[in-house]
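Reader: Could you take me through one part of this model up close, the ligand site and the charged side chain beside it? Once that part is clear, a short tour of other spots would be welcome too.

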Amino acid sequence: METKEWALILFTVISQAAVGAFLLITWFRTVNKDAAMDAAYKKANLVLLPLAAIALITTLFHLGHPERALNALRNLSTSWLSREIFFAGGFFVMLLVSVLTEKTVAVRKIVDWLTVLAGICAVVSMAAVYDLSMKPAWQGFHTYVAFVVTALFLGAALAAGLVVLFGKDHAQVAPNLQVLIWVAAAAVVAELIAFPFYLASLQMGGKAAQATLAMLAGQYGTALIARWALALVGGLVPLMFVRRQLSAGKTATGLVYTALLFVLAGELVGRYLFYMTGVKIMIG
Amino acid sequence: MAQKGFYFDQTVCIGCKTCQISCKDKNNVAPGVLFRTVHTFEGGKFPKPWAYFISIGCNHCENPRCVQNCPTGAMHKRAEDGLVVVDQDVCIGCKYCTWSCPYSAPQYLEEKGVVGKCDGCVDLTAKGGNPTCVDSCIMRVLEFGDLAELKKKHPGVQVVEGMPDPSLTGPSIIIKAKPEARK
Amino acid sequence: MGNLIKRALEHSVNRRTFLGWSAAAVATATVALSGPESGLVKVGSKAEAADAASEGKWISAACWHNCGGRCLNKALVKEGVVIRQKTDDTHPDSPDFPQHRGCARGRSQRQQVLGADRLKYPMKRKNWAPGGGKKELRGKDEWVRISWDEALDIVAGEIKKAQAAGGPKAILAGRLDSRLLNAMGGALTTWGVTSEGAWPQVEAKMYGSYPLQCSDRFDWRNAKLLVIWGANPAWSSAGNPIYNYLQVKKAGAKVIVVDPYYSATAQALADEWIPVRPGTDAALLIGMAYHMIKNNLQDQAFLDKYCVGFDADHMPKGADPKESFRDYVLGTYDGVPKTPEWASNICGTDPMVIRHFANELATTKPAIMNSSAAPARTYRGQQYCQAYLTVGFMTGNVGVSGGGVFMSYHSRQSYSSISMVNGGSSGVPALPNPLHPYETYTFSKPEKTDWYSMAYEETYDAILKGEFTLGQRGKTKCDIKMIYSLRTDSGGNFLNQSSGTNKGIEAMRKVDFIVTSDIVLSTVSKYADVVLPECSQWEKAGALRTGNPEAVFYQEQIIEPLYECKEGIWMERELAKRLGVDPEKVHPLPIKQQFFNQIASAKVVKPDNTGMESLVTITDADIAEWKVAGKPQQGRITLKEFREKGAYQVPRAAGDKLVNIAYKAFRDDPEKNKLATTSGKLEIHCKALSDVIHAYGFTECPPIAMYQAPVEGFEDTFKDFKAGVKGEYPLQMFTFHYPRRSHSVFDNVRQLREAFPQEFNMNPADAAARGLTEGETVLITSKWGKAIRPLHLTERMTPGVVTMGEGAWVDKDDETGIDKAGATNSLSGTRLSGQGEQPWNTCIVQVGKWTGAPLTPDYLWKQRIVF
Ligand SMILES: Nc1nc2c(c(=O)[nH]1)N[C@H]1C(S)=C(S)[C@@H](COP(=O)(O)OP(=O)(O)OC[C@H]3O[C@@H](n4cnc5c(=O)[nH]c(N)nc54)[C@H](O)[C@@H]3O)O[C@H]1N2
Ligand SMILES: Nc1nc2c(c(=O)[nH]1)N[C@H]1C(S)=C(S)[C@@H](COP(=O)(O)OP(=O)(O)OC[C@H]3O[C@@H](n4cnc5c(=O)[nH]c(N)nc54)[C@H](O)[C@@H]3O)O[C@H]1N2
Ligand code: SF4
Ligand code: SF4
Ligand code: SF4
Ligand code: SF4
Ligand code: SF4
Ligand SMILES: [Mo]
């Protein structure tokens, strides 16, 4: 296991969350024309922007030669890592442009959707990076699922947090929350379905895959349990409560924030597991 | 381009690790970093046990995943001899190549912040000489040269029990395998 | 962010200084190591620049340890910086004329010479005081750096004190004679075979020559069968021996390896592996003899004509006919027929395998048997040697082409016993030890009464109990006050390498004063009071070294002495001055002159094998350039060529005139060419052997090969052997020579630790019985000590037998008594046997769970750096 993986954990989780959140907010922004809410969405983007920046900066900590980081763009033709950096960078730049072009709405709308596009490409190339490694634990469909789930689950939770933070008018906020909670739920369920298939694929794999499985069952067993406890009990359950409250016409700001924290924790632990259980196929 | 490669006669390798150590000396790498590794495999049942070794560095593959994945192009395959080498002045130390090689050939060099790996002793071989490991071998079971010629000279296999599937990267290596090691 | 930028900077700095290690900052040295293990000070990009710079110079570098080989190693020096090493490329490589390629240890030499843990300054133990100070702190006390003057004054003073108290006998000089002490009336010394176990006297008395004659390697290729008995050249004769064996196999010989462990050699060469329990080979051989006799497979004509003692009709003069080997095997008088079943019950080898092996050996002609010394490094080890030679003689493979009953090991394994080139002599006149006017390694004259010295194995008891054995003169009292171990070369780490390290530590903590010279803080120095840093051979003028009979190596100075390191002979000369002894008598010649003398007197065989001639041509110009005394001479090669090549290797080709066949003259005409035995023949019944073994005063030895259960052998693993009830120490442990080290030397080199982990090897069945699993740290206990090590499970081990490489650096915790390095002598006891050989391979242990913290890989351990 290489050192300094924490940088990658933060980078992938934060940037995926930012992409997910921005996508959802952009969606609201296109359907919801209310001026007050638009201000809230705008504020939300002002939070996502620095998040995207932080994500990019953390990657530097993973490098042996951070000062040469830009070299990473030299091999777009064949390297998914180059593409990942390109699109992650692109997402940030477009987001910046979108913020700067707030005034000129027509332009901003296009920019926003291009930003979303860049974000999606970033998430997909991130997954591709690991898919093309020589660690069975990282290869195949599951990495794509896991990364998209993070984007939507944590992204939705994040968006929810931002919407309740900046949205003044409860009547306007509630429907957004309803949507976000459904998206989050859908995401977790998707992962719940995908995970057994992942384990099965490891089961059927070679020595390295078996080793990963053994680690998940053994030394990282507790982490695995924690990951799901945090996501379901800490994340999903409160969100479901929020839904109840909302339909009962009450607010649940506190619960939303708690859920956000737990979902974040869950995804971080999940990603930690992802890195720790990656085993190379060459003996020794 | 004449692709260079290695031949390894496993049948009489004694696992003395002189190749591994002479490589470390040549490349000045710290404990924990191996550009060539001698792996030991054992099995059978007393009184009929078996044992064999695999001495392996970089296989300068036909489809080097390390090169394909390297974001900077620091890891590149030389046109003239097909050797896969790292430009340590371009490498950013992202370690992606270490995840991309089925043979664990690229190794992260903590002190330098970049990756290093078996470069086929290009400084020697480009001048027509042999790699250090080859000329250090006690049993004379390592050879280096034009892959095509090595293949002609030594019928052998590209993989033995304990090594990854050669179809992944097309390693430029030919092994004369012990019976127990055959896949 | 701040630390990010810092890291970025660090890296660019590192990149520049990584290779930049230099000794320039220390003492007068101007050389550097470019390497991760160097402890030397970084001086920017010096080395990297050097590497990039000019071609540099390859200098032939010493590899000077007791390693079982001798090879050509060279160091690339650019602008005073050692850049890397290489090996023999002085001529094209071929099986007939192979290069002398260095092994993993030799290729790590610069990591040792320029390691961070090199001794740098004279030092003394903090709590040492005249009389000893807190003696119990030896081995764990702090070290204090002192000046050379203070160090030499202390040592000279202590020598005076000890000699005043008890004369020369009060100082133990250990293995290595001290010329200084010899000039002062001598010192107590120890004798007794380490390497060859019980072989020397058996060879001398049964075969009439020690060392045994062996045929030239080209003649080995005529063998149809090669039996490698208790030898593992792949590991313990590094260099060409295993490669020579490969040529024997390629020439068509079947290869059989007899060993408790399916060794690297067996793995590479064996068509058949015959497992045997350590210390029981004699039983196996006697069982084979039984099968041969019963089926009349022995070469009776050969036995009748060339041997005495096989059967009642061919007994040596004066011997009781009832004592014939044949009758012993058949059980004519003791009623015990030594059947393969009888043997199997002891040695563990399947009776059918024993029969099959006996058939194969008796009927394949010609066949070569080669034994090493491991099976003879056992209690009563001579019984193995007797049985091995006897069975060998029964096959008649003596003095014939492609045949042989050999004992060759170490750097000469697989080679002729006749040197074709030699290193000459340093010209330093002998200065014998008045207390022991004989050679010490294989002390062969126990019947004499003019020696006062002890068996190596008895040293610690002599110190602790104050008495030791003087052969048939019985016990004598002694009062050892001081241990003096100044060395001028590799060897003499007795505390680590002799049996009974724990008793040894006790003994070391009893005497008043201990001084050693060393290059690193090896075990014997760790437990000393004063340690003097010696120059490594890379820091000395040079020397010629030989190993196998076909080459001689020219090893010259690579670097200036590091730090305050000095030559051993300088130390003794300085001490001599302080002791009123003439330094010129102690060490008359500087190393440069000794080196030159060796070169001048080096001889090489004439191509037509009609004797030797001078190797090197020396001109007046050479003598002037070297600033030495000498005369010009005509030789085969110029000094310049010798120096540039770094070696001279006798050209060989199949069918050349240098092929010799051992004992051929005797075979051709036994009357004209009698052997130097009592009877002039091969003595299967050998009274001279029983007599000499008796003279040592330890154990008795029957005149013929018999199997008698050794102390700490297989039988001793039982509480009740007959009933098959196992005892407290149910496992047999033997200890092999491991590629990671030359005995204890190189054990500190981390890249070798990484390559060769110090594992404890065991058969999975024995582990299962104890609930032990691969990789876990286990506790190994014996009557003599405790050690912990990671466990390696392998089917290559004979069940009931365990093993570990000898030579790890003792790392003992006084509180628990546990050695975590896995130094095998922490588990072995001191036992007196035969000719005072050390019976390392008969040792019994128990293995169990370790409940403490598991061990980390030892290449990650802190280096033993004093200053
Ligand atoms: N259990 C067990 N023990 C064994 C064996 C075994 O099979 N099993 N084998 C035995 C055999 S065969 C032998 S020959 C002995 C060897 O026993 P020793 O000769 O005692 O062991 P070495 O490790 O060779 O000793 C080398 C010593 O010299 C020092 N040294 C090296 N170079 C120099 C130098 O240039 N100058 C100075 N001053 N010091 C130097 C090293 O630091 C070390 O202290 O071991 C024996 N011990
Ligand atoms: N790498 C390395 N090589 C060395 C040395 C070293 O320290 N390290 N030391 C050198 C020196 S000084 C010496 S004396 C030689 C020693 O040379 P050897 O005595 O030949 O070497 P060992 O490894 O002790 O034993 C050789 C083989 O004998 C087997 N053996 C052990 N006990 C028995 C037994 O009772 N019966 C039988 N049949 N086989 C047995 C072992 O499993 C091993 O495979 O090595 C020399 N070479
Ligand atoms: S040097 Fe040769 S014999 Fe020794 S381990 Fe390497 S490949 Fe095998
Ligand atoms: S062995 Fe690994 S590092 Fe070498 S070329 Fe193939 S993939 Fe790349
Ligand atoms: S570590 Fe260097 S060589 Fe490897 S992939 Fe990254 S940039 Fe390329
Ligand atoms: S070719 Fe050179 S770098 Fe590669 S393994 Fe051999 S010695 Fe090492
Ligand atoms: S066999 Fe001995 S002399 Fe040769 S390289 Fe190895 S350690 Fe040095
Ligand atoms: Mo030895």
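Author: A quick term before we start: a polar contact here is a pair of N or O atoms within 3.5 Å. Keep in mind, too, that this is a predicted model.

Let's begin with ligand 1. Its oxygen side gives us two pairs to look at: a backbone N or O atom of C:Asn493 sits 2.7 Å from an oxygen atom of the ligand, and a polar side-chain atom of C:Gln537 is 3.3 Å from an oxygen atom of ligand 1. There is a nitrogen pair as well, with an N or O atom in the side chain of C:Thr824 lying 2.9 Å from a nitrogen atom of ligand 1. On its own the ligand would expose 920 Å², and the protein buries 96% of that. Two elements of chain C, helix H18 (494–497) and strand E21 (513–518), each give two or more residues to the shell around ligand 1. In total the ligand is surrounded by 31 residues, and the closest are C:Asn493, C:Gln497, C:Asp518, C:Glu534 and C:Ser744.

Now for the charged side chain, C:Glu806. You'll find C:Glu806 in the loop that runs between strand E37 (801–805) and strand E38 (812–813) of chain C. C:Gln497 and C:Thr824, both of which came up with the ligand, are among the residues in contact with C:Glu806. Other contacts of C:Glu806 include C:Thr735, C:Phe736 and C:Arg741. What does a buried glutamate do for a partner here? C:Glu806 is buried but has no salt bridge, and C:Arg741, the nearest side chain of opposite charge, is 6.0 Å away. Since a salt bridge calls for a distance within 4 Å, that pair doesn't qualify. Two histidines do reach C:Glu806, though: its side chain makes a polar contact of 2.6 Å with the side chain of C:His743, and another of 3.2 Å with the side chain of C:His737.

Staying in chain C, have a look at some backbone oddities. C:Phe746 isn't a glycine, yet its phi is positive, at about 85°. C:Phe746 belongs to the loop between strand E33 (731–736) and helix H28 (750–755), and with a relative accessible area of 2% it counts as buried. C:Tyr563 also has a positive phi, near 50°, without being a glycine. This tyrosine is in the loop between strand E24 (551–556) and helix H21 (568–578), and its relative accessibility of 9% makes it buried. Then there is a cis peptide bond between C:Lys365 and C:Pro366, with omega about -5°; C:Pro366 lies in the loop linking helix H15 (351–363) and strand E15 (367–371).

Chain B has a cis bond to show you as well, joining B:Phe46 and B:Pro47 with omega about 0°. B:Pro47 is in the loop between strand E2 (37–45) and strand E3 (48–56). Elsewhere in the chain, B:Phe8 is part of strand E1 (residues 4–9) and is buried, with a relative accessible area of 1%. Its contacts include B:Phe53, B:Ile54, B:Val141, B:Leu142 and B:Ile174.

Last stop, chain A. A:Asn32 is in the loop between helix H1 (5–31) and helix H2 (35–62), and is buried at 14% relative accessible area. A polar atom of its side chain lies 2.8 Å from the backbone nitrogen of A:Asp34. Beyond its sequence neighbours, A:Asn32 touches A:Met37, A:Tyr41 and A:Gln172.

Terms used:
Residues are numbered from 1 along each chain as its sequence is written. Chains are lettered from A and ligands numbered from 1 in the order in which they are written. This is a predicted model: local features need pLDDT of at least 70, side-chain atom pairs count only at pLDDT 80 or more; totals for chains, interfaces and linings use all residues. Side-chain values use heavy atoms; hydrogens and water are left out. Helices (H or I, at least four residues) and strands (E, at least two) are DSSP runs, numbered from the N terminus. Buried means under 20% relative accessible area, exposed over 50%, partly exposed in between (1.4 Å probe, protein chains only). Lys and Arg count as positive and Asp and Glu as negative; His and the chain ends are not counted. A polar contact is a pair of N or O atoms within 3.5 Å; within protein, one must be able to donate a hydrogen and the other to accept it, and residues adjacent in sequence count only if both atoms are side-chain atoms. Contact means heavy atoms within 4.5 Å. A residue is near a molecule or strand if one of its heavy atoms lies within 4 Å of it. Accessible areas come from the Shrake-Rupley method with a 1.4 Å probe; for residues, only the protein chains shown count as cover. Lists of a residue's contacts leave out its neighbours within four places in sequence.
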